[in-house]
Amino acid sequence: IMLHSTLALSLLLIAVSSNLAMAIKKEKRAPQTLSRGWGDDITWVQTYEEGLYQAKKSNKPLMVIHHLEDCQYCQALKKAFAENEEIQEMAQNNFIMLNLMHETTDKNLSPDGQYVPRIIFVDPSLTVRADITGRYSNRLYTYEPQDMPFCKSTVLSESGNA
């Protein structure tokens, strides 16, 4: 009887856990953690070093987005970036993508200071492109939600599709 009840209990637990797993799956695809809300259909690299390696290997430029969770400007830019289908498609197809919530040891990624949000491009020869800037002279690499068309044309010219 002990064996029978253990077996029955085990089967019950398996049934419950598989139903729970299916319920969780049905709810919604969990966002991938590396995207951090910048675009779940984009393939994101985990580290700057991995980004450099992939850029060189694929001959695609690396786009590095510096941001922080508690920054309202970052949140606004993230929303505009994630909702713009053309930018999402370009990011996925033409770039190696990295978003960072911390600074890297590469000082070239902060040519005019460490502020967020900022977007820096690194070409496949692993040269940080300090010449690709946004519209603001006091924060050269920052973009705002209304800059998405500007950002798109910058991105297009950088990826060689302009």
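**Group meeting: aromatic pairs, a helix crossing and a few buried residues**

Okay, let's start with Phe95, which is buried, with a relative accessible area of just 3%. Before I go on, keep in mind that what you see on screen is a predicted model.

So who does Phe95 sit with? Searching the whole structure for aromatic pairs turns up two of them. Let me take the pair of Trp38 and Phe81: this one is edge-to-face, with 5.5 Å from centre to centre and 75° between the planes. Trp38 is in the loop between helix 1 (2-27) and helix 2, while Phe81 is in helix 3, so this pair ties together parts that are 43 residues apart in sequence. Both of these residues, Trp38 and Phe81, are buried.

Now back to Phe95. Its partner is Phe121, and that pair is tilted, at 5.7 Å centre to centre and 50° between the planes. Phe95 belongs to the loop between helix 4 and strand 2 (96-100), and Phe121 belongs to strand 3 (residues 118-122), so here the parts tied together are 26 residues apart in sequence. Is Phe121 buried or exposed? Buried: its relative accessibility is 1%.

Next, let's look at two helices. Helix 3 covers residues 72-83, helix 4 covers residues 85-94, and they pack at an angle of about 80° with their axes 5 Å apart. Anything from 65 to 115 degrees counts as roughly perpendicular, so that's what we call helix 3 relative to helix 4. Which residues meet there? From helix 3 we have Phe81, Ala82 and Glu83, and from helix 4 we have Glu85, Ile87, Gln88 and Ala91. Sorted by class, that contact has four nonpolar residues, one polar and two charged. And yes, you've met Phe81 already, in the edge-to-face pair with Trp38.

Cysteines now. Cys71 counts as buried at 12% relative accessibility, and Cys74 counts as buried too, at 0%. As a reminder, a disulfide is a covalent bond between the sulfur atoms of two cysteines. How many disulfides does a search of the whole structure find? Zero.

Last stop, Pro61. You'll find Pro61 in the loop between helix 2 (48-58) and strand 1 (62-66). Pro61 has a relative accessible area of 7%, so it's buried. Here's a nice thing to check on your own screen: Pro61 and Asp123 are 62 residues apart in sequence, yet their C-alpha atoms are 4.3 Å apart in space.

That's my tour, thanks for listening!

How values were computed
Residues are numbered from 1 along each chain as its sequence is written. This is a predicted model: local features need pLDDT of at least 70, side-chain atom pairs count only at pLDDT 80 or more; totals for chains, interfaces and linings use all residues. Side-chain values use heavy atoms; hydrogens and water are left out. Helices (H or I, at least four residues) and strands (E, at least two) are DSSP runs, numbered from the N terminus. Buried means under 20% relative accessible area, exposed over 50%, partly exposed in between (1.4 Å probe, protein chains only). A disulfide is a pair of cysteine sulfur atoms within 2.5 Å. Axes are lines fitted to C-alpha atoms, for helices over the stretch in contact, and angles run from 0 to 180 degrees between N-to-C directions. Angles under 35 degrees count as roughly parallel, over 145 as roughly antiparallel, 65 to 115 as roughly perpendicular and the rest as oblique. Contact means heavy atoms within 4.5 Å. Ala, Val, Leu, Ile, Met, Phe, Trp, Tyr, Cys and Pro count as nonpolar, Asp, Glu, Lys and Arg as charged, and the others, Gly among them, as polar. Rings of Phe, Tyr and Trp (its six-membered ring) pair if their centres lie within 6.5 Å; planes under 30 degrees apart count as stacked, over 60 as edge-to-face and the rest as tilted.
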